[in-house]
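Student: I've just opened this one and could use a guided tour. Can you walk me through it?

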Amino acid sequence: MGLLGVAVVWWAVRGREAEARRVRAVLGVAAARERASVGWRRDVERWWGWARARPEGGCVVAGVAVAVIGASVLPVVVGACAVPVAARARRAREARLARERRGDAVIRLCGVVAGEVRAGRQPGEALALAVRESGALSGAGSAAVVAAARFGGDVPGALREAAREPGGEGLHGLAACWRVAVDRGAGLAAGLDRLAGALRAERDQRADLRAQLAGPWSTAVMLAGLPVLGLLLGSVLGARPLWVLLHTGPGFGCLVVGGVLEAAGLGWAVRIVRGAEG
């Protein structure tokens with residue numbers, strides 16, 4: 001009986017160990033699958049973030065798609081040549097947005113300085129606090145202005161240096177207000193309020209002009225996309241326009257002339273819009 005009891009206990013222990021190993025194996029497989037899924041999602045998010053940051057890569061993708069459909073390598077070449085143009089347009093848009101954000105930050109800077117001065121702070125202390133809160137300055141320009149404001153340096157000179165950054169042109173007005181108000185005892189808060197109002201009105205005027213130009217610009221873009229619509233309609237009707245344009249002499253000539261005219265039209269429209277904005 002003693003041997004039988006030992007055998008039963010041993011069998012029960014072995015069964016539990018086997019069950020525990022099976023559970024650990026199942027959990028290990030599940031954990032491995034979860035890690036693989038997390039890694040895959042992380043890679044997808046990384047590639048998606050890269051694609052959103054550099055949308056000009058879509059030119060190559062579109063060129064490859066058209067090359068596969070039209071059985072020609074020419075669309076790939078055109079797509080690759082379009083990448084620098086699209087990248088330049090993206091950088092110009094990012095620079096414009098950064099300039100607008102810095103202009104808004106300068107307006108906030110003037111408002112914060114005016115409010116702090118009215119609250120009883122000294123102008124230098126108010127300016128140092130406003131620079132940190134508004135984010136209008138960055139890097140060496142911010143450090144130079146804060147140092148000049150705290151230790152009695154040349155604040156107008158530091159502000160004029162910081163105004164060289166795109167979007168920081170309003171700092172010239174702040175430097176003039178500072179020189180007149182601090183050196184001659186005029187009302188700094190009142191001058192900054194007027195300056196902020198003028199900068200805000202100029203910003204609203206630019207926004208209104210951009211809204212008025214949105215209609216003509218949309219029309220130009222729509223007209224530029226009509227050839228693509230014509231190619232799609234021709235393909236649906238079975239005319240094989242891509243084959244004609246890419247594999248025949250007259251079609252290739254029409255493609256070159258049409259591409260030149262398209263680029264000239266878009267360039268002309270961009271020049272008109274930029275001239276109106278300027």
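Student: At what angle do H3 and H4 pack?

Tutor: Before the angle, know that this is a predicted model, where local features need pLDDT of at least 70, side-chain atom pairs count only at pLDDT 80 or more, and totals for chains, interfaces and linings use all residues. Residues are numbered from 1 along each chain as its sequence is written, and side-chain values use heavy atoms, with hydrogens and water left out. Helices are DSSP runs of H or I, at least four residues, numbered from the N terminus, and angles run from 0 to 180 degrees between N-to-C directions of axes fitted to C-alpha atoms over the stretch in contact. The axes of H3 and H4 sit 8 Å apart, and the packing angle is about 145 degrees.

Student: How many residues of the contact of H3 with H4 are nonpolar?

Tutor: Contact means heavy atoms within 4.5 Å, and H3 brings residues including Leu109 and Val113, while H4 brings Leu127 and Val131 among them. Ala, Val, Leu, Ile, Met, Phe, Trp, Tyr, Cys and Pro count as nonpolar, Asp, Glu, Lys and Arg as charged, and the others, Gly among them, as polar. One residue of this contact is polar and three are charged, and the nonpolar ones number 11.

Student: Are H3 and H8 roughly parallel or roughly antiparallel to each other?

Tutor: H3 covers residues 74-118 and H8 covers residues 188-224; they pack at about 155 degrees, with their axes 9 Å apart. Under 35 degrees counts as roughly parallel, over 145 as roughly antiparallel, 65 to 115 as roughly perpendicular and the rest as oblique. So H3 and H8 are roughly antiparallel.

Student: Which helix gives the most to the largest nonpolar core?

Tutor: Such a core is a set of buried Ala, Val, Leu, Ile, Met, Phe, Trp, Tyr and Cys residues joined through side-chain atoms within 4.5 Å, buried being under 20% relative accessible area with a 1.4 Å probe, protein chains only. The largest one has 34 residues, and Leu109 and Val145 are among those with the most contacts inside it. H3, H4, H5, H6, H7 and H8 each supply at least two residues. The top contributor, with seven residues, is H3.

Student: How many helices are there in the chain?

Tutor: From the N terminus on, the elements run α-α-α-α-α-α-α-α-α-α-α. There are zero strands, and the helix count is 11.

Methods: Buried < 20%, exposed > 50% of the residue type's maximum accessible area, 1.4 Å probe, protein only.
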